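Please look over the sequence and the model shown here before reading on. The report that follows goes from the overall fold to single residues.

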Amino acid sequence: MSKHTPGPWIAHKRHIAAANGGIGLAVVHVNDDIVDAQTTDANAALIAAAPDLLSAARKALAAWTGDGPPIVLDELRAAIAKAEGETITEAGRAAL
């Protein structure tokens, strides 16, 4: 997978842009008969937060001290892999 556009990103209603240059990245649009504008705007905000969420997940995984349920590690690894365009099989999770 190629590298994503680095953040920070900002969401303004249904439009997502790179804050470091204002270059439009995407317009989030779903048939308004199916999904209302408020949901579409919320999706845009979530997408705009993606680079920050990925960074936080990587830091949390690196800072893991062994306390807490191990399932959280699996979820972090899976989320990071998904964001990076990879997949993790159940057998592969143990190897990470």
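Helices (H or I, at least four residues) and strands (E, at least two) are taken here as DSSP runs, numbered from the N terminus. In those terms, the chain follows the pattern β-β-β-α-α-α along its sequence, which comes to three helices and three strands. The model is a predicted one, in which local features need pLDDT of at least 70 and side-chain atom pairs count only at pLDDT 80 or more, while totals for chains, interfaces and linings use all residues. Residues are numbered from 1 along each chain as its sequence is written, and side-chain values use heavy atoms, with hydrogens and water left out.

The chain has 96 residues, of which 19% are buried; buried means under 20% relative accessible area, exposed over 50%, and partly exposed in between, with a 1.4 Å probe and protein chains only. The chain exposes about 6700 Å², with carbon and sulfur atoms supplying 60% of that area, as computed by the Shrake-Rupley method with a 1.4 Å probe. Where contact means heavy atoms within 4.5 Å, 29% of the contacts between residues at least 6 apart in sequence join residues at least 24 apart.

Helix 1 covers residues 37–62 and, with 26 residues, reaches 37 Å from its first C-alpha to its last, close to the 38 Å expected at 1.5 Å a residue; the expected span is 1.5 Å times one less than the number of residues. Helix 1 also bends by about 45 degrees at A50, with a proline, P51, following within four residues, the bend being the angle between axes fitted to the seven residues ending there and the seven starting there. The buried residues of helix 1 are T40, A44, A48, P51, L54 and A57.

The largest pocket has a volume of about 160 Å³, and its lining consists of A50, L53, L54, A57, A79, I80, K82 and A83. Helix 1 and helix 2 (71–83) are the elements that give two or more residues to this lining. A pocket is, on a 1 Å grid over the protein atoms alone, an open set of points where a 1.4 Å probe fits, with protein on both sides within 12 Å along at least five of seven lines, and lining residues have an atom within 4 Å of a point.

Three residues may be set side by side.

| Residue | Element | Relative accessible area | C-alpha separation |
|---|---|---|---|
| L53 | helix 1 | 48%, partly exposed | 9.4 Å to I80 |
| L76 | helix 2 | 17%, buried | 8.2 Å to A60 |
| A18 | strand 2 | 3%, buried | 6.4 Å to G7 |

Along the chain, L53 and I80 are 27 residues apart, L76 and A60 are 16 residues apart, and A18 and G7 are eleven residues apart. Leaving aside neighbours within four places in sequence, L76 is in contact with A57, A60 and L61.

Methods
Points joined across faces, edges and corners; volume = space filled by probe spheres on them.
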